[in-house]
Structure formats: structure tokens, C-alpha cells
Amino acid sequence: MSEHATAPRIDPRRYHEAVAETHAPVATRPPVCLYLETTNRCNLLCTTCPRTYEELEPPADMSWALFTRIIDQIPDIARVVLHGVGEPMLVKELPRMIRYLKERGAYVLFNTNGTLLTTRRGRELCESGLDELRVSLDAADPKTFIAVRGRDYFDRILRNVRAFIEMQARDGLDRPRISMWLTGLKETVAQLPDFVRVSHAAGVKEVYLQRLVFFERDAIGLARPDQALFERMTREEAGYLDEAARLAATLGMTFSASGAASEPGMSLKRADDPNPWTLCRRPWTLMYITANGRVLPCCFAPFTQRGYEHYTLGDATQATLREIWNGAAYQDFRRALRSDHPPDTCASCGLRWSL
């Protein structure tokens with residue numbers, strides 16, 4: 001892998017400073033990471049996503065005015081993730097947003113379903129300075145892709161990714177680094193070795209197994225407790241992971257099933273702690289802001305409890321981030337997260353990671 005590919009995804013010093021006092025309801029430092037939901041629109045119908053089954057908020061793309069209002073309040077933000085429950089490449093202003101962030105020194109990435117990764121759009125991403133592009137494919141063949149993601153785009157996505165990587169090679173470009181992701185489901189874990197092969201054939205050097213997050217009650221689609229792999233893996237399923245890891249090593253690829261890549265340094269680790277939610281550092285280190293300006297505790301919240309009203313911590317269109325970050329709602333949320341009675345959104349979140 002290149003030097004760029006192994007570079008830290010977030011400044012470790014700034015992260016550790018941010019979490020140094022996570023016992024307090026008041027955060028002593030501003031967030032080091034922002035999740036900005038550039039859109040809540042999508043062109044797929046994924047069976048693991050709540051937006052497929054209900055309208056979470058009115059359909060919207062984050063306006064340029066709201067985007068700059070947010071960024072200008074934290075000019076030294078370290079890391080910005082430009083996705084939420086929608087497909088970021090539907091947003092016309094996306095390259096402009098990336099450039100705005102890169103001018104401020106932020107590390108910028110987003111997940112995409114890859115359906116809109118045309119030659120023109122791919123070149124725009126390269127020229128914008130995007131650091132990392134994560135393609136959520138979630139299957140190793142067209143039939144499984146349709147079952148998981150709702151529409152028949154499997155071959156198109158692979159063609160798009162292959163063409164993008166070939167364009168980077170021709171032009172000597174090392175950014176954005178590109179990776180392929182598969183959500184960890186009982187339905188698809190057996191496909192992991194083939195998923196590595198498919199990714200390799202497309203020219204991708206990094207493959208990750210994404211943890212499944214699901215509703216505890218009133219489960220939707222394939223986002224069900226019985227689909228999760230964490231603490232429920234059979235010997236046979238573990239064998240698929242081992243086979244995928246060996247294959248990736250043979251092919252000179254990176255393969256990770258730890259979940260650590262999703263939020264470097266922030267991911268929950270398995271522990272015998274009876275209150276696993278207390279391991280979470282997100283309410284002290286990051287903010288998630290929807291396309292309409294609603295502030296949520298993290299990107300997992302929409303997948304763990306229905307109804308944004310249950311875990312909304314502020315409105316970025318009406319208040320400053322400083323006012324929200326240490327406002328009453330955030331303080332109450334942090335206080336509860338450090339207690340024996342966490343917010344419902346977080347109650348079993350620490351037990352839900354697929355791996």
C-alpha cells in the first residue's frame with residue numbers, strides 16, 4: 001500500500017485530547033469529527049436501511065448555506081464524513097463541498113453505492129481532493145445484490161469502480177483511496193471470499209466487513225437481530241472470515257472485519273463490562289447533522305430507534321453548534337450514557353456490532 005493509504009485517518013493527538021474527559025456532561029473541546037448528511041435521498045432500496053421503509057425527514061439535500069454555516073463554526077475540524085441515510089453522489093454541490101473542506105485541512109470521505117460513479121463524476125471527486133471513497137456493494141453476485149439492495153445495479157457498480165481505478169492509474173492519482181464494503185449478515189457471510197475476489201478483479205485493494213446495526217424491536221428487512229454476527233458466529237461462519245483474510249493476503253489486499261475502520265479510535269470493543277454503552281465516545285467527539293439541520297448523537301442513531309424526536313439534540317438552522325454542543329439536551333444525553341440507564345438509542349448499541 002502507498003504511504004497515503006497508510007496515513008492516519010484522524011489526528012490521534014486531537015482525538016485523545018477530545019476524549020480525555022468523557023466522564024463529564026460538558027465537553028471541554030469542540031467535536032473533531034462531523035457527519036454531514038449531504039442528502040437523505042437515495043436511488044436504492046436497501047433492506048438494511050430505515051429510509052427504505054419510512055420517511056425519516058422531508059426529502060432534502062443539505063443546502064450550501066447550511067453546509068458553510070456549519071463548517072465555518074469549526075474551521076479546524078479534523079475529519080468530515082459526507083454521508084448519512086442517503087446517496088451523496090446525488091448531490092450536485094458535492095465536489096464543491098469537498099473542496100471547501102480540503103481548503104480548511106479536513107480529512108474528507110463518504111460512502112457511496114457506486115451507481116453514479118461515472119467517469120465525469122469520478123474525475124470531479126479526484127480534482128476536489130477527496131481523501132477516501134468507500135463503495136458499499138454488500139454482495140458478491142447480482143442475485144444477492146438485488147436481495148440486499150433492492151435494485152439490479154451490481155454489474156454497473158463494478159464497471160464504474162473498475163473504470164475509476166483505471167483512470168486513477170492512468171493519471172497517476174493516489175486520492176481518493178477506494179475500498180469495498182460488505183454489511184455483515186448471516187445471509188451474506190459465506191460470500192466473503194468471493195467478495196474479496198470480485199473486489200480484486202475490479203482493482204480494489206481494501207475490503208471491509210461492515211457491522212450490522214438494527215432495531216431491537218420492530219425490525220426491518222434484513223436489519224434484524226438474528227442476522228447479526230457479533231457473539232453469534234458459528235465455526236463455519238468464522239471459517240469464511242479466515243478464508244477471506246488468507247485470500248486477501250495472497251492477493252496483496254487489505255481485509256478487515258474488526259469494524260475499527262468505521263471510526264478510527266472510536267469503535268466499541270468487545271468487553272465484559274455490564275454497561276457496554278459507557279465505552280462510547282461519540283457524544284464527546286462528533287456531531288451528526290441531517291440534511292435538514294437536525295443534530296443527532298451519531299450515525300447509528302437512525303438505525304437503532306425509530307423516531308428522530310427521541311434523540312434530537314438540537315437544530316443547526318436555529319442555534320449555533322457551540323450552543324447545541326453543550327446545551328441541555330447534549331448534557332443530559334452524555335450524563336445518561338455514563339449511567340446505568342442510558343438513552344434507549346444506546347441501551348444495547350454496544351452489543352450490536354457485527355464484529
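In which sense, parallel or antiparallel, do strand 1 and strand 8 pair, and over how many bridges? Keep that in mind while you find your bearings; this is a predicted model, and the tour will come back to those two strands shortly.

**The whole chain**

Start with everything shown as a cartoon. The protein has twelve helices and ten strands. Of its 355 residues, 57% are buried. If you display contacts with a separation of 6 or more, 73% of them are between residues 24 or more positions apart.

**The sheet**

Now select the strands. Ten of them form an open sheet with mixed pairing, and reading across it the order is 7-6-5-4-3-2-1-8-9-10. At the edges are strand 7 (254-256) and strand 10 (314-315), each of which pairs on one side only.

**Strands 1, 8 and 9**

Select residues 33-36 for strand 1 and add strand 8, residues 286-289. Here is the reply to the opening question: the two strands pair in the parallel sense, over four bridges. Show side chains and you will find L34 opposite M287 in strand 8.

Stay on strand 8 and turn the view to look at each face. L286 and Y288 lie on one side, M287 and I289 on the other, and all four are buried, leaving both faces of the strand covered.

Next add strand 9, residues 294-296, which runs antiparallel to strand 8 and is joined to it by two bridges. I289 has V295 in strand 9 as its bridge partner. Strands 8 and 9 make a hairpin with four residues between them. Click on G293 in the turn: this glycine has a positive phi of about 100 degrees.

**Helix 2**

Which residues of helix 2 are buried? Select 64-73 and look for L66, F67, T68, I70 and I71. The buried residues of this helix pack against strand 1, strand 8, helix 3 and helix 11 (321-325). Helix 3 is the next stop.

**Helices 3 and 4**

Select 94-102 for helix 3 and 119-128 for helix 4. Two packed helices are described by the angle between their axes and the distance between the axes. For helix 3 and helix 4 the angle is about 15 degrees and the axes are 8 Å apart. That makes helix 3 roughly parallel to helix 4. The crossing is right-handed.

Show side chains to see who meets whom: helix 3 brings L94, P95, I98, R99 and K102, and helix 4 brings E124, L125 and S128. Sorted by class, this contact has four nonpolar, one polar and three charged residues.

**Helices 4 and 6**

Keep helix 4 and add helix 6, residues 154-171. How far apart are the axes of helix 4 and helix 6? They are 10 Å apart, at an angle of about 50 degrees. Helix 4 and helix 6 are therefore oblique to each other. Helix 4 passes helix 6 in a right-handed crossing.

In this contact, G122, R123 and C126 of helix 4 meet F164, M167, Q168 and D171 of helix 6. By class, three are nonpolar, two polar and two charged.

**Back to the sheet**

Helix 6 leads you back to the strands: this helix lies across strand 4 (132-136) and strand 5, at about 160 degrees to strand 5. Finish by selecting strand 5 (177-183) with strand 6 (206-210), a parallel pair joined over five bridges. For a last close-up, zoom in on L182, whose bridge partner in strand 6 is L209.

Conventions: Residues numbered from 1 in each chain as written. Predicted model: local features only at pLDDT ≥ 70, side-chain atom pairs only at ≥ 80, totals over all residues. Heavy atoms only, no water. Axes fitted to C-alpha atoms, helices over the stretch in contact; angles between N-to-C directions. Parallel < 35°, antiparallel > 145°, perpendicular 65-115°, else oblique. Left-handed = near helix turned anticlockwise from the far one by under 90°. Contact = heavy atoms within 4.5 Å. Nonpolar A, V, L, I, M, F, W, Y, C, P; charged D, E, K, R; others polar. Buried < 20%, exposed > 50% of the residue type's maximum accessible area, 1.4 Å probe, protein only. Pairing = 2+ DSSP bridges.
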